[in-house]
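Let's go through some of the labels people attach to a model like this one and ask what backs each of them up.

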Number of protein chains: 4
Amino acid sequence: MAELVYPGAIHTRFQHALGAMHLMGQAITTLQSKGLMVMDIEKEAVQIAVLLHDIGHGPFSHVLEYVILDQINHEKISELLMEELDKQFDGRLGLAIKMFNGTYERPFFHQLISSQLDMDRMDYLNRDSFFTGVAEGKVGVDRIIKMLHVVDNQLVVEEKGLLSVENFLNARRLMYWQVYLHKTAICAESMLIRIFERVRFLQQENLPVEIPGCLETFIINKVSLEDFVSDNKYLKSFVLLDDIDIWYAIKKWQFSEDHILSQLSKNLIRRRLFKINIGMDYQSENDTIGYKEKLRLNNIPEDEMKYYFYEGSISNSGYFPKNSNINILTKNRQIIDVSEASDLPTIKALSNIVKKNYLCYANDVYL
Amino acid sequence: MAELVYPGAIHTRFQHALGAMHLMGQAITTLQSKGLMVMDIEKEAVQIAVLLHDIGHGPFSHVLEYVILDQINHEKISELLMEELDKQFDGRLGLAIKMFNGTYERPFFHQLISSQLDMDRMDYLNRDSFFTGVAEGKVGVDRIIKMLHVVDNQLVVEEKGLLSVENFLNARRLMYWQVYLHKTAICAESMLIRIFERVRFLQQENLPVEIPGCLETFIINKVSLEDFVSDNKYLKSFVLLDDIDIWYAIKKWQFSEDHILSQLSKNLIRRRLFKINIGMDYQSENDTIGYKEKLRLNNIPEDEMKYYFYEGSISNSGYFPKNSNINILTKNRQIIDVSEASDLPTIKALSNIVKKNYLCYANDVYL
Amino acid sequence: MAELVYPGAIHTRFQHALGAMHLMGQAITTLQSKGLMVMDIEKEAVQIAVLLHDIGHGPFSHVLEYVILDQINHEKISELLMEELDKQFDGRLGLAIKMFNGTYERPFFHQLISSQLDMDRMDYLNRDSFFTGVAEGKVGVDRIIKMLHVVDNQLVVEEKGLLSVENFLNARRLMYWQVYLHKTAICAESMLIRIFERVRFLQQENLPVEIPGCLETFIINKVSLEDFVSDNKYLKSFVLLDDIDIWYAIKKWQFSEDHILSQLSKNLIRRRLFKINIGMDYQSENDTIGYKEKLRLNNIPEDEMKYYFYEGSISNSGYFPKNSNINILTKNRQIIDVSEASDLPTIKALSNIVKKNYLCYANDVYL
Amino acid sequence: MAELVYPGAIHTRFQHALGAMHLMGQAITTLQSKGLMVMDIEKEAVQIAVLLHDIGHGPFSHVLEYVILDQINHEKISELLMEELDKQFDGRLGLAIKMFNGTYERPFFHQLISSQLDMDRMDYLNRDSFFTGVAEGKVGVDRIIKMLHVVDNQLVVEEKGLLSVENFLNARRLMYWQVYLHKTAICAESMLIRIFERVRFLQQENLPVEIPGCLETFIINKVSLEDFVSDNKYLKSFVLLDDIDIWYAIKKWQFSEDHILSQLSKNLIRRRLFKINIGMDYQSENDTIGYKEKLRLNNIPEDEMKYYFYEGSISNSGYFPKNSNINILTKNRQIIDVSEASDLPTIKALSNIVKKNYLCYANDVYL
């Protein structure tokens, strides 16, 4: 939804997957040039794994993960799909799957696919920075990759790459504030969630609502991971779904006879977005009372209020020291955590988690 | 001397001056579009001032400022030269000079020329980042300029530009470590300083040394600011000097009959640089004793040791809160210091000054 | 469809429209700086006109123009839509419409919108070159715009911009061969056309085929310009249509009970494209006979052959001297055609039209 | 001297040499990936050869080749220097030298170093286009390199790279007109040549003129290839010379007591350049008479006229079919000349040689 803020940001997950695979090739070549033994079969596997790492994402991943699906992590679905492909390709994805889920005996491969310094982030930060024009997210990927090393099968960064790693962590933190958690994107996502909640309500109450083909399965019930595993039809339906189906449905729903659904759909498509109070601008009590009152004046009944009014919070941190941490290889060959490696005060500051509450509400002009 | 590390970094001060003038034009246009009154004559003056802000730099500015000149700040010489030009142009640079030295009644013009968020830094950071390839130094200049505002004739940044300013301060700090204070550049500059100290010694002892034309004035005595002001011949000689003269002299001195001078000159030209221990690698006492011993074994007498052995320190900080600070204009129209404006912990960390000691010494292979 | 060849080429018409408007602003500013009088209202109008110049394009413009619509030029529909907007905005688009359709008294405005050197081409060539990565299509737009001038209300280019114009014409010619007429794109478009022809056949024969909502109007009959003018419902349906509807329909049709429709749809979506013989590789008689024979062996009956087999031709030229020609302003203030302005032999060569015949046919592996 | 027109164009021959070596590495890797056998020793040799291909260039190569040297091609001196290095490195440059001078048994290596489609041109065109900002000179190097192939040890280009080759030839032709033969660069070079002619005259007439050290050898006599070969001192002096010496001398000569020398030197340094009539603007007879008359009015005596007045011609062509032509490998594996390979009319037009006469003369304002 960041496209509504940054009109250049229409790049696709397919491009990201190709990019991450490309960077993985460079990373492996670099590590080999430093004397690490990597077999051809391993190189192929780690490139397959990163090419497919996001394949489990549905359209508008958050909507599907939390509203349509029953909070299934997309990585679980990626793994299910890789297993499906593994069957079709006679077991040739076995090694890639092990690397992906972290059960392969050489953990650095998994770290290159999924960690705080993985090829996934290397690619999406630069790509998103480029297509949004947010210069602050640009990362010196070439140099970080050149600084990678493997010691005892663990991924490490040479000490002289320390400043580049710091800049990378900083860039990621800034991209979260400027792009991924941009208030306008939050508003639009909020509307999208409300739309699907309304559709499910209508469907459950047997009120008329047209649900285009492959979406229906996921409206009737929130599909759980157990469902996916026990009945193959869910995966089959899931892979048919893409953004096309979602947008087609919303275009349809503009003309729904349900007033709430048509209003939300029409407003989303015409970019008449919710408004938002966030962070220091958000005065919990007061705002809540004031905006609710406004909505009541617009004849929104209490039980429909939830479609027009929404409180939540976002949080962001540059570095999570406890979560698959980044290791630095010092000049005297010791391995220490990045937050300890530096005589600079800034890296530690990046470990703080900053949380912001927000209040999202319909613009009464468009009611 | 960073060119020895980053071979692409051969861009010139002339290009930087044009770039800073260009950005100044954009900044003024932005401020005008926000309703600020700027007269044509003011716009011209501030662009002249920034075009000429570095004109007082001699070749290899540090050498000339501290070794050849008597610690005269280049900005003083810039001002003297502007005054000279002012005479030639019948007083048409008067306003530019006032803006440059901070005596004009609207201080934001001076802040655009020289402050912690001036057009000078905006240009050189991006330019140096580009030509060195150090991605970490890239700054979102377009956006920062769009966020500029003037309140009560003071330059401020709108609150929503806060993250861009933070990124700018970070980028500058990183560029200092990665480029301006790069250890190899320090070594080369160290050699250059030693060369000039030796030349002055030879000249003062009446030992034979050929000093090409316009350099001589500045070898006989360190010229002071008073000299510049009292006798116009110093300025006249100074403007004739450029990198050409320095390099020509060093090329000559390779063949000097003085062994120290020829050795230092030859080694600098052939990129046989001094070595350096810096920061955590630098063990004051031990290193000093060890390396001096090595030099003694190469028959360097005690009184010549200073040409081959040098201790010093570098320091760096992202933001100096007391020094022409950066003001943020909050959404409710208050003006506060950038380090107070944020609910983020990182900006305060940038105010710390980090200092590193180092030891520079001749590589005994080349003695 | 070039996206199938160049995966980066997913940029949108909206981005192009913004880009063309941006360049128009630069062009007008340049012309004003050369002393041309342009009123604010004219500047706004010409920017509106170029912003909206492509608004009449339907999804996959060629399919809609020639298969669904009755060969209506998209510019006619753009004009109808502008008139619609003109009503909504109380006549404020009147001047823009005049400039767009060429009836305004100062023709250079129309030439900036639509001619062989218009802002439309300036934008799309550079944009398409950038997103495809086809370096040959890069055009020195900044310089060409700086070389523009207006004499007697006609757009001209100063003589010293001659080489840039030549390069621009060349770049356009190369982009046609490399991108717009790329053989793989032709194949995919060919399949898309066949799909819609089949859908119309099924609909006309009353055979079962599901046609999603707003598409239906354009399947039942080819809508003509007269229809658009006489009944507003066509325009209303047309603006609801976008790529979403087309792709949603094709996704549906994969599962059609009509074998031809499902096969073509499935193959297009899975990128199992037609094959093609083109230009010097195309041996009219022989190829026709040989490939038809192959298709017969795959049990394609004669009356269905047209869905799997297709002959056509493409043509391309760098410069059309008779068609709104490019005028050069020589140093002695004469105006001559670009092909006469040069002592270079190359520009005349660009006027030749090169035509290539081709044969497109289904890959029998996927039948 | 193009720097006087394009202030960004201060990139160095060293950067070009590194760039050409880099592209050579890519070219060899591409050819290997297509099945060509290249030994490690060959790959190293061809990279050495291209790294050193320009090492024989003196400062301001044309001045030295035609005015100071006796028309020695710089490639001859490159070869002499490689042979010198070969001695120092115990014969390890032998293979590189063979490839460089075309005596190695696999000619495609020489063609990659020096032909109409060599890595030299690939690098300098893109580099010069980038640093001048002349967009027309940008070349799709990545693609051309990917299209290279070797058949019977001859370098060829696959047919589908035809348009890229055409664009490359076009770009080169345009760069000649826009940059290398830019009229302002011709003027400045003309002045430089006149300066050196005057210095030689003064030296030969025993009139006072200071010639800085290593330049003197080349002023006393034009050094010939025989001199270089027979006496090693010439090569030794030659390698000490660089732009520094030339500019230092010209700075000196500004203050020469010879009026002509000081005037030309001062004017060159202050960018008070000659004027020029070129191409269609040049009316041989009339111009010659008119401008000479003007100079006479400024009291230039007849025998000094040659320092202020100069006629010459430049010529340019996109493709020389007879001179190490570019071979295309057609789809049916035939090899034909690029000008025959195409059904496009444009490539033949590129073979025409366009010649322009010009007249260069001192601007009387600065006499």
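**Helices, a hairpin and paired chains**

Q: At what angle do helix α4 and helix α5 of chain A pack, and how far apart are their axes?
A: In this predicted model, helix α4 (residues 74-88) and helix α5 (residues 94-101) of chain A pack at an angle of about 170 degrees, with axes 9 Å apart. Axes here are lines fitted to C-alpha atoms, for helices over the stretch in contact, and angles run from 0 to 180 degrees between N-to-C directions. Helices are DSSP runs of H or I with at least four residues, strands are runs of E with at least two, and both are numbered from the N terminus.

Q: Why is α4(A) called roughly antiparallel to α5(A)?
A: Angles over 145 degrees count as roughly antiparallel. The angle is about 170 degrees, so α4(A) earns the label relative to α5(A).

Q: Which residues make the contact between α4(A) and α5(A)?
A: From α4(A) come Glu79(A), Met82(A), Glu83(A) and Asp86(A), and they meet Gly94(A), Ala96(A), Ile97(A), Phe100(A) and Asn101(A) in α5(A). Being in contact takes C-beta atoms, placed from the backbone, within 7 Å. By class that contact has four nonpolar, two polar and three charged residues; Asp, Glu, Lys and Arg count as charged, Ala, Val, Leu, Ile, Met, Phe, Trp, Tyr, Cys and Pro as nonpolar, and the others, Gly among them, as polar.

Q: What makes β1(B) and β2(B) a pair?
A: Pairing needs at least two DSSP bridges. Four bridges join β1 (residues 148-151) to β2 (residues 154-158) in chain B, and the strands run antiparallel. One of the bridge partners is Gln154(B), which goes with Val151(B). Two residues sit between the strands of this hairpin, and Asp152(B) in the turn has a positive phi of about 50 degrees.

Q: How do you know that chains A and B are related as by a two-fold rotation axis?
A: Chain B superposes on chain A after a rotation of 180 degrees with 0.0 Å of shift along the axis, RMSD 0.0 Å. The fit is by least squares on C-alpha atoms of residues with pLDDT of at least 70 in both copies. The two copies are thus related as by a two-fold axis.

Q: Which element gives the largest share of the side of chain B that touches chain A?
A: That is α9(B), with seven residues.

Q: Why say that chains C and D meet through the same surface?
A: 100% of the interface residues of chain C are also interface residues in chain D, so the surface is the same.

Key:
Residues are numbered from 1 along each chain as its sequence is written. Chains are lettered from A and ligands numbered from 1 in the order in which they are written. This is a predicted model: local features need pLDDT of at least 70, side-chain atom pairs count only at pLDDT 80 or more; totals for chains, interfaces and linings use all residues. Angles under 35 degrees count as roughly parallel, over 145 as roughly antiparallel, 65 to 115 as roughly perpendicular and the rest as oblique. Two residues are in contact if their C-beta atoms, placed from the backbone, lie within 7 Å.
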